[in-house]
Amino acid sequence: MDKLTISARLKAPVILGGGYLTLDALLASLIFEGCGDIDIAHSTIPLANSSGLFHASAALLEPLGSNGISFVANLRATHALDPDLLLKNKHGRIHRKIGAKRQQHYGAVLNSYTAFDAPEITWYAEGDGAAIERLVSDVYFIGKRRGSGFGEVSSWSIESDELDGVVGPFGEPLRPVPVEMFEGDKDALKVDAAWRPAYWHPENRATCYAPGLIQ
């Protein structure tokens with residue numbers, strides 16, 4: 001395993017979606033797209049791993065500016081509402097049935113994001129550089145709203161470095177790290193955060209030392 005800097009040159013503003021976009025999350029999603037198996041995707045990430053913590057930083061960028069943008073999406077209750085998540089009455093039934101007509105015209109949802117204008121996005125990591133390059137070489141968009149043209153990538157570069165993707169040169173956290181696993185500056189920011197894949201699963205959340213989110 002080598003210590004690396006992975007950079008994506010950007011042609012368009014990128015939307016991070018309010019998260020950290022760690023390199024392990026990005027690589028896992030790329031593996032999953034190819035195999036369709038979430039267990040394989042998480043177990044074959046080509047990065048060093050310490051007790052479930054991948055040696056891979058959050059996305060780092062220096063924005064030249066940012067803009068708030070919004071997208072309107074129609075919520076189709078037939079497809080978008082899970083009945084198991086709706087409040088039930090004492091008989092275990094949904095309080096009021098949503099008819100087919102109301103399902104078809106349920107309404108619109110406004111989603112707001114921040115788009116960052118930056119020349120590149122960078123990660124620090126410890127891993128297999130050749131395997132990482134194979135995964136990212138054909139990736140032309142990253143972040144959220146890729147289908148709308150955001151996060152377009154013009155090129156990737158992978159170079160040797162001295163950081164392991166967990167702790168920075170001044171002891172700062174480069175990614176969410178559970179407090180009991182962190183070996184850097186104990187005065188750093190602490191937050192409740194997901195620290196390993198699957199990042200959406202509540203079991204993978206803990207009190208972590210973490211970098212500040214890009215605003």
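Me: In this predicted model, which residue forms a salt bridge with Arg-205?
Reply: The closest N and O atoms of the pair are 3.0 Å apart, inside the 4 Å cut-off for a salt bridge. Arg-205 sits in strand S11 (residues 205–209) and its partner in strand S10 (residues 190–194), so the pair ties together parts that are 13 residues apart in sequence. The partner of Arg-205 is Asp-192.

Me: Is Asp-192 buried or exposed?
Reply: Start with Arg-205, which has a relative accessible area of 40% and is partly exposed. Asp-192 comes out at 51% relative accessibility, and the line for exposed is drawn at over 50%. That makes Asp-192 exposed.

Me: What about Arg-175: which residue does it form a salt bridge with?
Reply: Here the closest N and O atoms are 2.9 Å apart. Arg-175 is in the loop between S8 and strand S9 (177–178), while the acid is in helix H1, so the pair ties together parts that are 151 residues apart in sequence. Both Arg-175 and its partner are buried. The partner is Asp-24.

Me: And in which strand does Glu-120, the salt-bridge partner of Arg-9, lie?
Reply: Arg-9 and Glu-120 have their closest N and O atoms 3.6 Å apart. Arg-9 is partly exposed at 41%, and Glu-120 is partly exposed at 28%. Arg-9 lies in S1, so the pair ties together parts that are 111 residues apart in sequence, with Glu-120 in strand S7.

Me: How many salt bridges are there by this rule?
Reply: Side chains of opposite charge can pair when their charged atoms come close. The pairs here include Arg-9 with Glu-120, Arg-175 with Asp-24 and Arg-205 with Asp-192. By this rule the count is 4.

Me: Which are the edge strands of the open sheet?
Reply: The sheet has 3 strands, paired antiparallel in the order S7-S1-S8. Its twist averages 20° from one strand to the next. An edge strand here pairs on one side only, and that picks out S7 and S8.

Me: What is the bridge partner of Ala-8 in S7?
Reply: S1 and S7 run antiparallel and are joined by 8 bridges. Follow one of them from Ala-8 across to S7 and you land on Ile-121.

Me: At about what angle does H5 run to S8?
Reply: H5 lies across S1, S7 and S8. Angles run from 0 to 180 degrees between N-to-C directions. For H5 against S8 the value is about 175°.

Me: Which element gives the largest share of the largest nonpolar core?
Reply: This core has 30 residues, and Leu-23, Leu-47, Trp-123, Ile-142 and Trp-156 touch the most other members. The elements giving two or more residues are S1 (2–10), H1 (23–35), S7 (120–127), H5 (129–136) and S8 (153–160). The largest share is 6 residues, and it comes from H1.

Me: How many residues are in the other core?
Reply: This core lies apart from the largest one. Phe-182, Trp-195, Cys-208 and Tyr-209 are among its members. The total is 8 residues.

Me: How far apart are the C-alpha atoms of Met-1 and Ala-125?
Reply: Met-1 is in the segment before S1 and is exposed, with 61% relative accessibility. Beyond its sequence neighbours up to four places away, Met-1 touches Pro-46, Leu-47, Ala-48, Glu-126, Gly-127 and Asp-128. Met-1 and Ala-125 are 124 residues apart along the chain, and their C-alpha atoms are separated by 9.6 Å.

Definitions and conventions:
Residues numbered from 1 in each chain as written. Predicted model: local features only at pLDDT ≥ 70, side-chain atom pairs only at ≥ 80, totals over all residues. Heavy atoms only, no water. Core = buried A, V, L, I, M, F, W, Y, C linked by side-chain atoms within 4.5 Å. Buried < 20%, exposed > 50% of the residue type's maximum accessible area, 1.4 Å probe, protein only. Helix = DSSP H or I, 4+ residues; strand = E, 2+ residues; numbered from the N terminus. Contact = heavy atoms within 4.5 Å. Salt bridge = Lys/Arg side-chain N within 4 Å of Asp/Glu carboxyl O. Pairing = 2+ DSSP bridges.
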